[in-house]
Structure formats: structure tokens, C-alpha cells
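Visitor: Please take me inside this protein. I want a close look at its packing, with the residues that build it and the spaces left around them.

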Amino acid sequence: MGPSNKTVKEGIPAWTGDMADHIHKYTEIYRVSVPLPEDAPRVQGYDFNQGVDHRALLQSYLNTGFQATNFGLAVQQINSMIERRHQPLTAENGSVEDDPSNCPCLRSCTIFLGYTSNLISSGVRETIRYLAEHKMVDVLVTTAGGIEEDLIKCLGPVYVGDFSLPGKDLFNKGIDRIGNLLMPDENYDTFYNWIKPILNQMLLEQNTQGAHWTPSKMIHRLGKEINNPESVCYWAYKNNIPVFSPALTDGALGDVLFFFSADNPGLIVDITQDITRMNTQAVAANSTGMIILGGGVAKHHICNANAMRLGADFAVYVNTAYEADGSDSGARPDEAVTWGKIKLDAQPVKVFAEATLVFPLLVAETFALHAEKKITNETQE
């Protein structure tokens, strides 16, 4: 027979059946806490009773918790890179023979910026272009799409669409989807028609002048030829910022090289010389900072170059990848420490977030803020 309820004195229900007459003492679950340091930061979010102050809102992230706090730490880390970069140089660390005027040994800190192609497809392109335009970073590393999409956007527009637009319908309409962005497929034909005579000239210079093309030299040439201030590659060319893309053929650039070489064989693009140049950017540096948006080739290429100098001094990752699958894309900064890609005493930060949301805000609180202060100081003087 199952247990039943009955009422006892003062109307308190009692349980009859198994364990009904047993009295059990509860264990005390609350513990005495060790006091935290007096200066330990306390959680405090933004108070909108103070009005809408976007600057103060972003500054409040540091004590908000979770990824907002990581954002605040990333701001501190990038500002440390910038402040180190602005410090007077005390000693030169070696030299770079191919361009001594732009040698990392002449700067107190060399900042590497890596990004995936989708960010150039998006409006983050304008943020990256701003950094290149004003020489705020020293080395760029991206994928093939990070080059071609930048150039294609100078030749034809990319539109905002929707993640859920049916693939079959878009294919039949000649529209390519990049997340929720739409690229008319004819833009690639326009790109091929633009780049073909440039490739012809590069092949001619190789055969008649002994030009030795590498991915970075090719990107430099394309930046010159596009001659458009909306382009990241253009400003990298103008400001002599090296742009490395070790997987240059993995995209539309690979397609056009394939089509071009079928009719005009012989063009050589040497990746060996570029790995020497890339690694030397790190080796010659007095200190280095890494800002890496996304994962894949761009992330590892920068990290591996910094292993050649036993690690970067500063590092910020922004991506949504997790380490459970063992991929380098998802690896946290501490894994890079084990490989000597980040220094043991560094304070690297990973922001688990999608870069289009986060990177423009990071730039607003770091590079752009420093530029604004510089302009204000110069005006007051």
C-alpha cells in the first residue's frame, strides 16, 4: 500500500510511509568566503539613467562580465600595442634588406592584423581600410578572398540580403550568397576582364626584366593598379604595408590565374620568398602585437611567424570558433603559448564574438581614439 498524507497538530502536513517518521539533518551548504582583495573589480553595468553615452557604455564593458569583459580586456591589450608602438626606439633589431625604410627594426612595436575574406565582403572592409590608410598597422595577412573581394568592390557593388534566401533561386538569378550578403556573379567576370591585362604585363616583366613575383608583390601591384582610395590594397600599396596571402590561389584569384595560364602559360608566383619575408617581419621586430579576426590561414600564418621570435608580446583574437575539435581556428591563446607563438608573460585575450559586431567597436576605443586625441593635441598646440 502506497504512502498517504495526514494532518497533524497546527495543520502541518506529515508524510507517512517509508521514511515518514525519520528525522534527517541537513548539511550546512554555505561556506565562509576568503575575502577578495580590496581592489578586485566589482561587476557593474552601464546605467542608462545617465543618458546615452556610447563611449561610457563601451568603457563599462570591462566590468560587465562574460564576453563584454573580454572586449574590455581586448581594448586594453590593443592600446598597449599602440602605446608601445609610439614609444621612442631605443635599439634596432637587425634589418630587412628588401626595404630598409620600412624595417620592423625601426619601430618599437610591429602590429600584425589578420582577417578572413568574409570581413572584406562585409562593411568591416572600411574599418580595415581606415587602419591601412593611416598606417596604424604594419603587416596585413588575409586569404585570397580578402584580396579579390576588396578589388571587386571597386568594380561592382555587394548587397545586403538574407541568410535564408533559397540557394536554387539565387543560382538561377546569377547571384552568389556570402552569409546574408549578395554578390552578382557578373562581378567576377568584370574582375577577370580588369585583371587580365595586368597579368599579361606581369608575365611580360617576368620574361623580359626578370621580375620575381610573390603573392605579396602581386598584391602590391594590384593595389597600385586599382588606384581607388576605397580599397585596402590601394592604401597598403600607398603606405608600403606588406600584405601576405599564402593561399592566394584559393578563390577567384586562383580561378583567373587558372584561366589566364591556360592561354598564357609561364607566370610564376613564388611562395617561398614570401614566407622568408613574412617571418623576417617578426624576427626583425623589437616587439610584436597580433590582432586576428577569424581563424584559418590568416590566424596561423601570423602566429607561426611570431614563433620565429619566440612569441608575440601582445595578442587579441576575435572569433566564434571553439577548441573542442582541436582546430587552430578554435584554439585559445594559451595553446599558442605552448608553441612559443605568444610570450610566456603576455596577457593575450580572446573575444568569443562575431567580428562584424566587435571589431569596429574595438577600433573606436583604440586606434581611432588615439588618432582623435592626437588631432586634438595638435589643434591645441
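Guide: A term before the tour: a helix here is a DSSP run of H or I, at least four residues long, with numbers counted from the N terminus. The model is predicted.

Start at Leu257, which sits in helix 10, residues 252–263. Leu257 is buried, because its relative accessible area is 12% and the cut-off for burial is under 20%. Beyond its neighbours within four places in sequence, Leu257 contacts Leu199, Met218, Thr249 and Leu267. Take the last of these partners. Leu267 lies 10 residues from Leu257 in sequence, and their C-alpha atoms are 8.7 Å apart.

Now the largest nonpolar core. In soluble globular proteins, nonpolar side chains tend to be buried together. This core counts 66 residues. Which of them touch the most other members? They are Leu113, Phe359 and Phe367. By element, helix 7 (residues 186–209) gives the most to the core, with 8 residues.

Look at Phe367 more closely. Setting aside residues within four places in sequence, Phe367 is in contact with Ile78, Ile82, Ile111, Tyr130, Leu131, Met136, Val137 and Ile291. A second core is separate and has 19 residues, among them Ala305, Ala312, Ala315 and Tyr317.

Phe359 leads to helix 14, residues 355–364. Its buried residues include Phe359, Ala355, Val358, Leu362 and Val363. These five lie on the same side of helix 14, because they cover an arc of only 130° around the axis.

Met81 is worth a stop too. Its place is in helix 2, residues 66–86. At 0% relative accessible area, Met81 is buried. Not counting residues up to four places away in sequence, Met81 touches Cys109, Ile111, Gly289, Met290, Ile291, Phe314, Ala315 and Val316. Ile111 and Ile291 are on that list, and they are also contacts of Phe367. Ala315 is a contact of Met81 and belongs to the second core. As for Val124, 43 residues separate it from Met81 in sequence, and the C-alpha distance is 21 Å.

Next, the closed spaces. The structure holds 2 cavities of 30 Å³ or more. The largest has a volume of about 50 Å³. Its lining is made of Lys299, Cys303, Tyr317, Asp328, Ala331, Arg332, Glu335, Ala336, Trp339 and Lys341. Helix 12 (296–307) and helix 13 (333–338) are the elements that give two or more residues to this lining. By class, the lining has 5 nonpolar and 5 charged residues, with no polar ones. Tyr317 lines this cavity and is a member of the second core.

The open space comes next. The largest pocket contains about 470 Å³. Of its 27 lining residues, Asn118, Leu119, Ser122, Glu354 and Thr356 are the closest to the centre. At least two lining residues come from each of helix 3 (117–121), strand 5 (159–160), strand 10 (314–319) and helix 14. Helix 3 has the largest share, with 3 residues. The lining divides into 12 nonpolar, 13 polar and 2 charged residues. Helix 14 thus enters the picture in two ways: it has a buried side, and it supplies residues to the pocket lining.

Finish in the loops. Lys135 has a positive phi of about 55°, although it is not a glycine. Its loop runs between helix 4 (124–133) and strand 4 (139–142). Lys135 is partly exposed, at 45% relative accessibility.

Asn240 is another non-glycine with a positive phi of about 55°. It belongs to the loop between helix 9 (232–238) and strand 8 (243–244). With a relative accessible area of 28%, Asn240 is partly exposed. What does Asn102 contact, leaving aside its neighbours within four places in sequence? Its partners are Arg107, Asn240 and Pro242. Asn102 itself lies in the loop between helix 2 and strand 3 (110–115). From Asn102 to Asn239 the gap is 137 residues in sequence, yet 9.6 Å in space, C-alpha to C-alpha.

Key:
Residues numbered from 1 in each chain as written. Predicted model: local features only at pLDDT ≥ 70, side-chain atom pairs only at ≥ 80, totals over all residues. Heavy atoms only, no water. Buried < 20%, exposed > 50% of the residue type's maximum accessible area, 1.4 Å probe, protein only. Arc of directions from axis to C-beta. 1 Å grid on protein atoms, 1.4 Å probe; cavity = no way out; pocket = protein on both sides within 12 Å on 5 of 7 lines; lining within 4 Å. Points joined across faces, edges and corners; volume = space filled by probe spheres on them. Nonpolar A, V, L, I, M, F, W, Y, C, P; charged D, E, K, R; others polar. Core = buried A, V, L, I, M, F, W, Y, C linked by side-chain atoms within 4.5 Å. Contact = heavy atoms within 4.5 Å.
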